[in-house]
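Dear colleague,

I am passing on the structure below for you to look over. My notes on what was found in it follow directly after.

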Amino acid sequence: MILILDFGSQYTQLIARRIREEKVYCELYPGNKPIKSFSGLKDLKGLILSGGYESVYSKDAPWPDPEIWELGVPIFGICYGMQLIAERLGGKVAPSKRREFGLASVNVECNSSLFNGLSSEETLWMSHGDKLSKIPKGFEITAKSDNSPYAAIENTAKNIYGVQFHPEVKHSVNGRTILKNFIFKICGSKRDWTMKSYIVDEVKRIYERVGKSKVLCALSGGVDSSVAAVMLYKAIGKQLICIYVDHGLQRLGETERVREVFGRMFGKNLIIVAAKKIFLSKLKGITDPEQKRKIIGHTFIEVFEGEAKKLKGIDFLLQGTIYPDVIESVSIKGAKSPIKSHHNVGGLPEKMKMKLVEPLRFLFKDEVRILGKELGIPSEIIDRQPFPGPGLAVRTLGEITKEKLNILKEADNIVMEEIKKAGLYEKIWQSFAVILPVKTVGVMGDARTYEYVIAIRAVNSEDAMTADWVKLPYELLGKISSRIINEVKGANRVVYDISNKPPATIEWE
């Protein structure tokens, strides 16, 4: 395993992605987390210190547990991570007279194990306002740029390496080679982490933890909960009871689809709960996005616990929480705040009566799909576009009402139909409709209308950590707009969202 300590960089998750792509397992933790709380230390092969937005010399600068220096494994510091190494071991970091953001030409020392296979001049991505003014004793300079005389340093005796640039971003031309050199040549990792091995390990872990107890599954019909459910079924069989909560926040026809697909798979162990009125009543008058998510999360658990009381031997709750949910919901010292809470993470009551089982907690979205295919789940489920846990609640801006939900469901269904007709559904990460909390004036049949605005959102992404808006053909956008305005009563205007993540998020709330 490679351990990554996160100090707040927007690129930290990319480090994990790049390592996983090499079939090497890694985990990511907040930079200030105590060493004793890390899992899998006996299998640790290397440690990476990420970048961050703070300055190491500032009062509130995040620092790692001092015990990391005693782990006896290679350490690789990236940007802020390298500056931490320098300050900790006797070097100095100071504000740079000229900040360096973007592509930079870097001269590298090819004899260094870290830069093995690279040319003497490489194009790499810089993103820093501080730089090293003095390197620690025992370290050598292995790379320079016009603005960074210490663009990379290393101490081979101590197996410590640092770079000022970001090899994990795609703009760094041979950045992946640098990461591979660290994890394979320096750390000696092996390409032995696959979905097949993950299934074997996770099934064993689940069985050992759950034993003969029954598990209640929060089944939504989406990719994550479906894969989690089949994973648990493989481990414990009929001890798994799946509950689908019909909360009214699903897409059009979703409940019927779940009844058909999963009814065949789980039989009597699939329970469908009618809870639309409960959710709408609790969300009445609520406009704050975070409050909505927390209410939905709490209500989910209440409903599950209510159903569990009707059953015997229910000790565990299964959730399809995935890694981006965890990463975005955990406040890291060095990051200003979590981006948003997720109903699978931030909405749980502190004293929940059931223990959690989360078999996908350390997997990215594309890894979940690969896992699903290994488990034999039909492509109609696995290849679905991601859908948020809180459902259409995060796409219904402002107060959630039955009227707005019905308008959104119809508009969203039209978006799906036209995207599929155009042959773009499987080429786009996510495409959907959003209903805005404003009405605009329109004219229909010589009469004045005052109705809601629908926004269309389509993005491409690898793992939901970053996303680019999709340049849908004008003809397609025109067809979607025309259908929504003509077929959906209550909407008279359609707009298209052309924002990337960052700075925007994929969902509007």
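At its relative accessibility, does Glu-507 count as buried or exposed? Before the answer, please bear in mind that this is a predicted model. Glu-507 counts as buried, because its relative accessibility of 6% falls under the 20% that serves as the cut-off. Its partner in a salt bridge is Arg-395, with the closest N and O atoms 2.8 Å apart, and Arg-395 is likewise buried, at a relative accessible area of 0%. This pair links distant parts of the chain, since Arg-395 sits in the loop between α11 (379–382) and α12 (402–421), whereas Glu-507 belongs to the segment after β18 (491–496), 112 residues away.

Salt bridges elsewhere

The count of salt bridges comes to 24. One of them joins the side chains of Glu-367 and Arg-17, at 3.9 Å from N to O, and it too connects distant parts of the chain, with Glu-367 in helix α10 (residues 365–374) and Arg-17 in helix α1, 350 residues apart. Both Glu-367 and Arg-17 are buried. They also belong to one network, made by salt bridges that share partners, whose members are Arg-17, Arg-18, Arg-20, Glu-21, Arg-176, Asp-366 and Glu-367.

A more local case is found in helix α4, where the side chains of Glu-202 and Arg-205 meet in a salt bridge of 2.5 Å, N to O. Because these two residues are three apart in α4, about one helical turn separates Glu-202 from Arg-205. In general, an α-helix has 3.6 residues a turn, so residues three or four places apart point the same way. The partners do differ in exposure, as Glu-202 is buried with a relative accessible area of 8%, while Arg-205 is partly exposed at 35%.

Domains, pocket and cavity

The chain is divided into domain 1 (2–186), domain 2 (195–383) and domain 3 (401–496), and the centres of domain 1 and domain 3, taken over C-alpha atoms, are separated by 43 Å. The second largest pocket, with a volume of about 890 Å³, has 27 lining residues, of which Tyr-25, Glu-27, Asp-43, Trp-193 and Asp-201 are the closest to its centre. Domain 1 and domain 2 each provide at least three residues of the lining of this pocket, and among the elements α4 (195–210) and β14 (355–357) each supply at least two, with α4 giving the most, namely six. By class, the lining of the pocket holds ten nonpolar, five polar and twelve charged residues.

A search of the whole structure also finds two cavities of 30 Å³ or more. The second largest cavity has a volume of about 40 Å³ and is lined by Arg-18, Ile-19, Glu-22, Arg-176, Leu-179, Lys-180 and Ile-183. The elements that give two or more residues to this lining are α1 (12–21) and α3 (175–186), and α3 gives the most, with four residues. The lining of the cavity has three nonpolar, no polar and four charged residues. Arg-18 and Arg-176, named in this lining, are also members of the salt-bridge network described above.

A buried helix

Finally, helix α2 (residues 80–88) is largely enclosed by the rest of the structure, because seven of its nine residues are buried. These are Tyr-80, Gly-81, Met-82, Gln-83, Leu-84, Ile-85 and Ala-86. Gly-90, which follows α2, has a positive phi, near 110°.

With kind regards

Terms used
Residues are numbered from 1 along each chain as its sequence is written. This is a predicted model: local features need pLDDT of at least 70, side-chain atom pairs count only at pLDDT 80 or more; totals for chains, interfaces and linings use all residues. Side-chain values use heavy atoms; hydrogens and water are left out. On a 1 Å grid over the protein atoms alone, a cavity is a set of points where a 1.4 Å probe fits but cannot get out, and a pocket is an open set with protein on both sides within 12 Å along at least five of seven lines; lining residues have an atom within 4 Å of a point. Grid points are joined across faces, edges and corners, and a volume is the space filled by probe spheres set on the points. Ala, Val, Leu, Ile, Met, Phe, Trp, Tyr, Cys and Pro count as nonpolar, Asp, Glu, Lys and Arg as charged, and the others, Gly among them, as polar. Domain bounds come from an automatic or database domain assignment. Buried means under 20% relative accessible area, exposed over 50%, partly exposed in between (1.4 Å probe, protein chains only). A salt bridge is a side-chain nitrogen of Lys or Arg within 4 Å of a carboxyl oxygen of Asp or Glu.
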